[in-house]
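Colleague: Please take one part of this chain and go through it closely, setting it beside a few other places where that helps.

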Amino acid sequence: MPFLYDLLLKVIRPIVDKWPLPQIEEGGVYIHSASLGEVNAISPFIRLIKKRHPEIPIFLSTFTETGYKRAHDLFGEDVPVGRFPFDIKDKLDDFFRRGNFRALLIVETELWPNLILTAKKYGVPIFLVNARLSPRTLRRYRVLKSKFSSLLSLFKLILAQSETDRKRYLYLGAPPERVKVTGSLKFDLMNEEVDPPENFKVNFRNLVVFGSVRPKEEQPILHAIAHLLRISPDAYFVIAPRHIDRVQAIRKFLNSKRIPYSLRTSGEIRGRITILDTLGELRNFYGVADAAFVGGTLAPYGGHNLVEPAILGVPVIFGPHYFNTPDAARGLLKAGGALLVRKGEDLEKTIITLLKDEDLRQRVGEKARKYVLSQRGVSEKIYREILPYITSK
């Protein structure tokens, strides 16, 4: 495994060498946030630091092109952004020598050995914030459990999203006294209002959105929609595949059943189905939905963001495979803000129940919204934990 890791770094070295050196102001906080989702998640915390400590520079690195662009869109020139140098030792050495950082914050699950060891070498306190570990990642890491145990012992604090995540880090060997549950930053991220989708007006009373649909759950969802079209004449459906390359498969099914539909990019309304073949609009459609199914849960993908529709007061429906977001799922169910379905037939029945009962929809949606609001304040909790370290210079 170490040999393969070193080989990977050698392969990508020529790519990294072409990246421009980022501008780093000395004496700041270094935050590494891998990709688009992590950049979004950490953004409320960055804004909090910038507001309360404008004198402390922040440097943000990210791994992917989409994360890099998103960081620039969010912060402009207020926060310098660089591409993470793929855990290459001399590049990281240059980062830390120039930066003289007062703290390193790693977001979620980015346990890069050379990053952590270089921070330790330069005496920089290391924190894992919004920490999570999916079952898949845990299985991969436990093969080298002793190595990860050594790395985790170098963190000042591991601030986990949930009790489930805390236990997973303890299993990998993290010191118990340094692992705390502060909650998920995604609760701080979401606003209670969102603009409606542009140029989208349908003359139907009930709108159901199927968000982040994954390939292995397409068939039960599409069969349920086909039946719902026959028995719910005043309902309209929006299907948002998790990846746009699945649009053609969805179109093929609907064409085979001679079910009319529209593509969002077409700008027209045809039939009672719109396939969302655009990026960045799902939340806008959740905002006008009467009910929302969150995908990746009818098949074992682990589920996607349940908070997005919940904060907007929309009844949330999801399947049994929510292992990527277990605490949010259980919290919503316990609060009465979500409905669990086991298979396609259950999904169909649940949607029919919601469409027939407007009072039920409103009650479930309001409970979903109140649950999310009750979980806010995670940025503040993380801030209080790391404050002694970032203000000590």
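Modeller: Helices (H or I, at least four residues) and strands (E, at least two) are DSSP runs, numbered from the N terminus. This is a predicted model, in which local features need pLDDT of at least 70, side-chain atom pairs count only at pLDDT 80 or more, and totals for chains, interfaces and linings use all residues. Residues are numbered from 1 along each chain as its sequence is written, and side-chain values use heavy atoms, with hydrogens and water left out.

The part I would choose is helix 11, residues 247–256, where Val 247, Ile 250, Phe 253 and Leu 254 are buried (under 20% relative accessible area, with exposed over 50% and partly exposed in between, for a 1.4 Å probe and protein chains only). Viewed down the axis of helix 11, these buried residues fall within an arc of 130 degrees, so they line one face of the helix; the arc is that of the directions from the helix axis to the C-beta atoms. Lys 252 and Ser 256, on the other side of helix 11, are exposed. The cover over the buried residues of helix 11 includes helix 10 (215–231), strand 9 (235–241), strand 10 (262–263) and strand 11 (273–275), with contact meaning heavy atoms within 4.5 Å. After helix 11 comes Arg 258, whose phi is positive, near 55 degrees.

Elsewhere, Thr 325 sits in the loop between strand 13 (316–318) and helix 14 (326–335), and Thr 325 is buried, with a relative accessible area of 12%. Leaving aside neighbours within four places in sequence, Thr 325 is in contact with Lys 186, Gly 302, His 304 and Leu 306. Lys 147, by contrast, belongs to helix 7 (residues 145–152) and counts as exposed at 53% relative accessibility.
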